[in-house]
Amino acid sequence: MTQSNAFKVLMSSTNVFLTGIPGSGKSYLIRKCLTFFKARNLKIALTASTGIAASQLGGLTIHSWSGLGIIRDLDSLTFNKIISNDIILERFRAVDILIIDEISMLDAQFLDNLNKLAKYFRSDNRPMGGIKTIFVGDFYQLPPVVINNSLDSNFAFNSTVWEELNLRVCYLTQSFRHNMGDFINLILKEIREKNISQNSFNLLEYCLSKKPKNNITKLYPYNYDVNNQNIAQNNKLLTKKIVYQIDRQGSSKYGDGFIKDSGIIECLELKIGSKVMFMVNNPKEGYLNGSLGVVVDFIKGFPLIRLLNGRYLRICYYTWSIEINNQIVAKVSQLPLKLAWAITIHKSQGTSLDQAEIDLGRSFTPGMGYVALSRVKSIDGLYLKSINKMALLLDNRITKMDQKWQNQGNN
């Protein structure tokens, strides 16, 4: 489907699934829609499943917007807590159009929980409480986190609300991110078609032989490699540094477990020149979970960060509260930052990089190589550290669904 035809569908009253190959202009089309909707005084909730994608669009994560956070089981206690939040209530009742980007990383249970909240808040039993809903994304990208090895039921398209919404599929097929005829565009097409040519293998070999430039972003499959690389790169800086220690209050039992699960850095060493990533959503302060930046100075003991969009923010301590049965049992305070010379391939989803060094030698799930390669704009900026067979594979279940969506998108 062309962008112009997709735009007409998006402007209609129908619910839409906007998908297509990497770089086909999905985000551009959403921005164009926003201009159209706002000119008609429609209220839009612009959200994404990841912080990076949300920050690229200038919106919130759907987890933050909906009040669901990382909740999986929407029991009566949790449900009552969310519906008693006046801010969340107003969001659901006021919104006309809900847009969710990077839909592939949301699981079915989350979407059905979201649907339950929308119906309740709006006193409307139609799907999503009657909110016009637009899902955006490519299911060949990384899937949601697997729970109890139940991947089949985990995909967003297996949710009850996906069927209820009767989504019109807009499938974009032309790539604009990569240069016409560029290797990246070609290899991604061949991976999707499961027919990788010898020429593409030769080009991958070439990227393996290239020596990476200094200080370019590195992508790894595992957190362990990311952490080691971040420490090593940060240690090379000879600039002014400040160390920030975590502060705990309340129960160590709950506090320590929260720190471990959340990845909060207990002893964070920052220097002028440190590359950093934000770990929480704080739209009022101008940053989201996944926003990237660089430390450019320290003001009154706290770092001044220059974000990728050019904005400057002075960052202070952030406090996480751990609640059990509506009672705060522990609090943890630390700068909401971690080093980001390197990031995991999962965390990279939603970014567009001029250059990157990518380690695909221990890819462990289908789609990992597809996501990593699609982050880079051209072969000139691609440096491969290693690669394995898994990196070039895609999930057969997605292949089947994708063919169905292509056919629907052509009707």
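Leaving aside neighbours within four places in sequence, which residues is K213 in contact with? Some notes on this predicted model, starting there.

1. **K213 and its partners.** Once neighbours within four places in sequence are set aside, K213 is in contact with Q355 and Y383. K213 is found in the loop between helix 10 and strand 7 (217-220). The pairing with Q355 is a nice one to look up: the two residues are 142 residues apart in sequence, yet C-alpha to C-alpha they are 8.8 Å apart in space. As for burial, K213 comes out at 47% relative accessibility, so it counts as partly exposed; the cut-off for exposed is over 50%.

2. **Helix 10, length check.** Helix 10 covers residues 198-209, and its 12 residues at 1.5 Å a residue should span 16 Å. Its end C-alpha atoms are 17 Å apart, which agrees.

3. **Helix 10, two sides.** The buried residues of helix 10 are S200, L204 and C207. Looking down the helix axis, these buried residues fall within an arc of 60°, so they line one face of helix 10. On the other side of helix 10 you'll find Q198, E205 and S209, which are exposed. And what sits over the buried residues? The cover includes helix 9 (183-193) and strand 20 (382-387).

4. **The main core.** The largest nonpolar core has 75 residues. Those with the most contacts inside this core are I103, L111, F135 and W162. Helix 7 (residues 108-122) gives the largest share of the core, 6 residues.

5. **W162 up close.** If you want one side chain to click on, try W162. Not counting residues up to four places away in sequence, W162 touches F17, I103, L111, F135, F139, A156, F157, L167 and W405. Note that I103, L111 and F135 turn up here again, having been listed with W162 among the residues with the most contacts inside the core.

6. **A second core.** Apart from the largest core lies another one, of 28 residues. Among its members are I259, Y287, I322 and V332.

7. **Helix 6 against helix 7.** Back to helix 7 for its packing with helix 6 (residues 86-94): the two axes come within 9 Å and cross at roughly 85°. That makes helix 6 roughly perpendicular to helix 7, as angles of 65 to 115 degrees count as roughly perpendicular. On the helix 6 side, the residues involved are I88, L89, F92 and R93; they meet L114, L117, A118, F121 and R122 in helix 7.

Note on methods
Residues are numbered from 1 along each chain as its sequence is written. This is a predicted model: local features need pLDDT of at least 70, side-chain atom pairs count only at pLDDT 80 or more; totals for chains, interfaces and linings use all residues. Side-chain values use heavy atoms; hydrogens and water are left out. Helices (H or I, at least four residues) and strands (E, at least two) are DSSP runs, numbered from the N terminus. The expected span of a helix is 1.5 Å times one less than its number of residues. Buried means under 20% relative accessible area, exposed over 50%, partly exposed in between (1.4 Å probe, protein chains only). The arc is that of the directions from the helix axis to the C-beta atoms. Contact means heavy atoms within 4.5 Å. A nonpolar core is a set of buried Ala, Val, Leu, Ile, Met, Phe, Trp, Tyr and Cys residues joined through side-chain atoms within 4.5 Å. Axes are lines fitted to C-alpha atoms, for helices over the stretch in contact, and angles run from 0 to 180 degrees between N-to-C directions. Angles under 35 degrees count as roughly parallel, over 145 as roughly antiparallel, 65 to 115 as roughly perpendicular and the rest as oblique.
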